[in-house]
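Work through the following exercises with the sequence and the model open side by side. Each one sets a task and then solves it step by step.

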Amino acid sequence: MAEYILGRSTKRTAKLWVTGACLTLVLVSFLGTHRPPYPATQYSSFWTSSIHLVNGRYPGRYLPFLVFPALEEKLMGGNILAEALSVKVLLMSVTPHHSFNTSQELITYLHRSPPQSKLQLKQKVDNKKLWGPKLETVSDYFRYLKTPQNLCRKLVRLGGTISCKKGTGDENNMDGHKYVCMDPSLEVVGARDARQCLTLSFGTQRDTSFDDAASELPCEVHMFDVLNFDPLLPKESDHVFFHVEGLSGQKISVFYSNINQSVKMDTLRGHYDKNGFFPRPIHVLKVDIEQDEWESFINIAKDPLFDAVGQVALEVHVVDLVHGPNKNSPPDIPREKWLEALQKRYDILRMIEARGFQRVLYWDNTQEKFSLYDENGTRHETAGEVLYINTNWYNTTFKQDLARQGYKFRGVT
């Protein structure tokens with residue numbers, strides 16, 4: 001009798017151990033497939049070869065960035081929040097790594113779909129509105145921004161951090177991220193080394209997650225900011241550099257009272273020349289400089305150097321319509337002047353387009369206390385993210401002309 005009881009106890013203990021081990025494997029597998037998007041060195045590069053999804057996953061590889069489907073690809077639909085609330089999850093069988101299970105038995109882990117996005121992307125059916133030289137209403141400006149003009153076959157999100165503060169950033173409370181178009185003509189894909197891809201990043205504001213991700217493409221990254229916060233990233237990577245300088249429409253020195261110091265500012269051409277970037281084209285130009293983008297792009301859009309820029313990830317602002325320079329100061333621009341102010345910025349965006357750039361996506365960057373309400377009471381966000389691609393780069397003849405001016409493109413002589 002004693003032996004029988006001891007046997008049952010031993011079996012029960014063994015069963016508990018097996019159950020605990022299985023639960024541990026499930027947890028390890030789940031956490032292993034939901035790692036944070038940086039540092040990207042933990043992952044294998046996937047965009048340099050043709051890899052297709054198998055059962056909604058890239059087989060044998062971690063996917064460090066959110067990728068929109070290219071040809072022959074399908075990402076799983078669904079809303080992660082809705083799934084969490086309804087406790088509906090998809091169970092998928094996978095083969096674990098040898099270190100987890102030497103018997104190679106199939107285990108099951110929880111796989112949730114990526115969250116839905118409100119990115120404004122061009123649809124297959126083109127209901128393009130012809131935008132004239134003049135805005136008729138305040139809301140026209142925001143509708144214009146949210147009207148994509150072209151398609152990108154594969155968009156990749158680089159960087160970004162989640163804020164615990166509701167109503168900040170995009171619809172998922174993420175801020176600091178940018179999207180980059182990976183179309184082969186734009187030459188971000190397939191660089192043999194970092195010097196074959198040049199990224200200029202103006203305005204980091206202590207968030208270097210975009211720059212970290214861009215450096216892993218690989219791209220040589222030059223970060224520019226008016227605040228010398230001594231970032232760690234350039235010390236960890238031999239192809240990331242930090243410059244305590246800002247971007248402007250002219251070469252000047254600006255005193256910032258909030259940091260109590262003067263900072264050198266320069267044009268895009270000025271930064272390009274003094275850093276010896278020629279004959280390299282600028283593959284990615286990222287600009288997030290808190291309303292100074294307007295003056296800067298008046299200069300950039302007139303410069304022949306703009307032809308050598310492949311794409312622009314730009315944050316645009318109209319915060320001065322609802323807020324002054326100080327915390328409790330009135331708006332810089334009164335309501336009766338809103339349309340006039342927006343027209344000037346609309347003109348600058350059309351200058352960018354006149355150089356062959358077209359918008360492929362836009363999303364609002366929510367800032368609850370800085371929202372704007374138009375003449376009809378409709379709410380608009382006063383900051384938003386735009387991605388422009390240089391459509392000229394899809395034309396080999398155009399690249400050949402730049403090559404004759406000395407610029408070096410891959411496969412173009």
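**Exercise 1.** Determine which residue of β14 stands opposite Val-254, and describe the sheet around this pair.

Solution. Val-254 faces Val-263 in β14. The model is a predicted one, in which local features need pLDDT of at least 70 and side-chain atom pairs count only at pLDDT 80 or more, whereas totals for chains, interfaces and linings use all residues. Residues are numbered from 1 along each chain as its sequence is written, and side-chain values use heavy atoms, with hydrogens and water left out.

Next, take the strands themselves (strands are DSSP runs of E with at least two residues, helices are runs of H or I with at least four, and both are numbered from the N terminus). β13 and β14 run antiparallel and are joined by 5 bridges, where two strands pair if DSSP finds at least two bridges between them. In their hairpin, which has 4 residues between the strands, Asn-260 adopts a positive phi near 55 degrees.

Then add the remaining strand: β12 runs parallel to β14 (residues 261-266), to which 2 bridges join it, and Leu-247 stands opposite Asp-266 in β14. The result is an open sheet of 3 strands with mixed pairing, in the order β12-β14-β13. Its edge strands, each pairing on one side only, are β12 (246-247) and β13 (252-256).

**Exercise 2.** Locate the largest cavity and state which elements line it.

Solution. Begin with the rule: on a 1 Å grid over the protein atoms alone, a cavity is a set of points where a 1.4 Å probe fits but cannot get out, and lining residues have an atom within 4 Å of a point. A volume is the space filled by probe spheres set on the points, which are joined across faces, edges and corners. The count comes to 1 cavity of 30 Å³ or more, and the largest cavity holds about 40 Å³ of space.

Now turn to the lining, which includes Tyr-141, Phe-142, Leu-145 and Ala-383. At least two lining residues come from each of α3 (138-145) and β21 (383-390), and α3 provides the largest share, 3 residues. By class, 7 lining residues are nonpolar, 2 are polar and 1 is charged (Ala, Val, Leu, Ile, Met, Phe, Trp, Tyr, Cys and Pro count as nonpolar, Asp, Glu, Lys and Arg as charged, and the others, Gly among them, as polar).

**Exercise 3.** Find where the cis peptide bond between Leu-217 and Pro-218 lies, and then the one between Phe-278 and Pro-279.

Solution. The bond joining Leu-217 to Pro-218 is cis, with omega about 10 degrees, and Pro-218 sits in the loop between α4 (209-215) and β10 (220-224). For the cis bond joining Phe-278 to Pro-279, omega is about 15 degrees, and Pro-279 belongs to the loop between α6 (268-274) and β15 (284-287). On the other side of α4, the loop that connects β9 (198-202) with α4 contains Gln-205, a residue that has a positive phi of about 50 degrees although it is not a glycine.

How values were computed. 1 Å grid on protein atoms, 1.4 Å probe; cavity = no way out; pocket = protein on both sides within 12 Å on 5 of 7 lines; lining within 4 Å.
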